[in-house]
Amino acid sequence: MLGLRDLGPERLESILDRAESLLPVVRDGVALPNPVRPAMVGLLFLENSTRTRCSFEVAANRLGHRSVVLTGLGSSLDKGESLIDTAANLAAMGLDALVIRSAIAGGADLVARNIGIPVVNAGDGRHEHPTQALLDASTLRARLGSLAGKRILIVGDILNSRVARSNIHALTAMGATVVLVGPPPLLPWTFAEFGSGVDVTHDLDGVLDTADAVMMLRIQLERDAGRAVASDYRFAFGLTVNRLARLGPEVPILHPGPMNRGVEIDDSVSADIARSAILEQVARGVAVRMAIIEAALELPAG
């Protein structure tokens, strides 16, 4: 699971269906039968993470497997060891699969081509974050039913967002139209790589009434996005209480986290019990990652 670009709707739906069947394990503690051979799943996280890292750990545990976690801080990467050498050494310790988050775009693919175990991309630079998009699609499908013909707004720092890129692949493959909204420096007009099904605008208020769902993205200050944001960002692009009131009661609000409260989303909006799907995304993230780990462990080594 390196990216979603080449996954068709049938494969996407099958992953989401399996995640749906695993959701009771996450929500209700329903026990799964112990695996014939418990696996060792490596988690190599070279960027900070709360939701993704912890949900992969929980997912492996719920499946009856064990996880080994290595972060960049305190690892031999700090001594100059390459990403490939670090991953190869982990694989040589007998891991059955490796989940990797890296600041290098294409880092997961590079590792997958150089070690003999399945690799799952947990985010690589500005490139992709496939499991996040899958959990987003799972959440949207639960709220909206079929995504065919639905209009999904993704609002914020599109330029730096691997979440947006993976969501475009997944949602358009499932028949939705994705509307990208943000300030000009953070929203380039060139999205020809995605083909049809993607609209681009700098006017949130102009498209808000057309939304079947709204996904807010944070300003990625760690990627210097703050330099491209004016002081009136909330006024122009924030999901405020007034904007929420313009949305129908059935329109879900998503956010991949972490949130910059009071910037891209107001506290009362994120706390709206009826429409905020933010914590539902987190729960479904565990189920989706369980499905992905299952699929990865079914692959032959190499």
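Colleague: What is the order of the four strands in the open sheet?

Modeller: In this predicted model, the open sheet runs β2-β1-β3-β4, and its strands pair in parallel. The edge strands are β2 (66–71) and β4 (119–124), each of which pairs on one side only. On average, neighbouring strands of this sheet are turned by 15° against each other, direction ignored.

Colleague: How many bridges hold β3 and β4 in register?

Modeller: Strand β3 (residues 97–102) pairs with β4 over four bridges, in the parallel sense. Within that pairing, leucine 98 has valine 119 of β4 as its bridge partner.

Colleague: And what comes before β4; where is glycine 116?

Modeller: Glycine 116 is in the loop between α4 (107–112) and β4. With a relative accessible area of 39%, glycine 116 is partly exposed. Its C-alpha atom lies 7.4 Å from that of alanine 91, although the two are 25 residues apart in sequence.

Colleague: Changing topic to α5: how many of its residues are buried?

Modeller: Of the 15 residues in α5, 13 are buried, so the helix is mostly covered. Helix α5 covers residues 130–144, and its end C-alpha atoms are 21 Å apart, which agrees with the 21 Å expected at 1.5 Å a residue. Glycine 145 follows α5 and has a positive phi, near 80°.

Colleague: Which side chain of opposite charge is nearest to arginine 289?

Modeller: That is aspartate 136, at 8.0 Å; arginine 289 is buried yet has no salt bridge. Arginine 289 lies in helix α11 (residues 278–297).

Colleague: What is arginine 289 in contact with, then?

Modeller: Leaving aside neighbours within four places in sequence, arginine 289 is in contact with Arg51, Thr52, Ser55, Phe56, Ala59, His129, Thr131, Gln132 and Leu135.

Colleague: Staying with α11, which residue forms a salt bridge with glutamate 280?

Modeller: Arginine 284 does, with the closest N and O atoms 3.2 Å apart. The two are separated by about one helical turn, because they are four residues apart in helix α11. Glutamate 280 counts as buried at 16% relative accessibility, and arginine 284 counts as buried at 4%. Both belong to a network of salt bridges that links Glu20, Arg143, Glu280 and Arg284.

Colleague: How many salt bridges does the count come to?

Modeller: The count comes to 17 salt bridges. One of them joins the side chains of arginine 151 and aspartate 199, at 3.2 Å from N to O. This pair links distant parts of the chain, with arginine 151 in strand β5 (residues 151–155) and aspartate 199 in strand β7 (residues 198–201), 48 residues apart. Arginine 151 is partly exposed at 23% relative accessible area, and aspartate 199 is partly exposed at 32%.

Colleague: What about aspartate 205; which residue forms its salt bridge?

Modeller: Aspartate 205 forms a salt bridge with arginine 246, with the closest N and O atoms 3.0 Å apart. Here too the pair links distant parts of the chain: aspartate 205 is in helix α7 (residues 204–207) and arginine 246 in helix α9 (residues 241–246), 41 residues apart.

Colleague: Is valine 181 buried or exposed?

Modeller: Valine 181 is buried, with a relative accessible area of 0%. It lies in strand β6 (residues 177–181), and its C-alpha atom is separated by 4.6 Å from that of valine 155, 26 residues apart along the chain. Beyond residues up to four places away, valine 181 touches several others, including Leu153, Val155, Leu204 and Phe237.

Colleague: Last one: which residues does the cis peptide bond join?

Modeller: The cis peptide bond joins glycine 257 and proline 258, with omega about -10°. Proline 258 is in the loop between β9 (253–254) and α10 (267–270).

Note on methods: Residues are numbered from 1 along each chain as its sequence is written. This is a predicted model: local features need pLDDT of at least 70, side-chain atom pairs count only at pLDDT 80 or more; totals for chains, interfaces and linings use all residues. Side-chain values use heavy atoms; hydrogens and water are left out. Buried means under 20% relative accessible area, exposed over 50%, partly exposed in between (1.4 Å probe, protein chains only). Lys and Arg count as positive and Asp and Glu as negative; His and the chain ends are not counted. A salt bridge is a side-chain nitrogen of Lys or Arg within 4 Å of a carboxyl oxygen of Asp or Glu. Contact means heavy atoms within 4.5 Å. Two strands pair if DSSP finds at least two bridges between them. Axes are lines fitted to C-alpha atoms, for helices over the stretch in contact, and angles run from 0 to 180 degrees between N-to-C directions. The expected span of a helix is 1.5 Å times one less than its number of residues.
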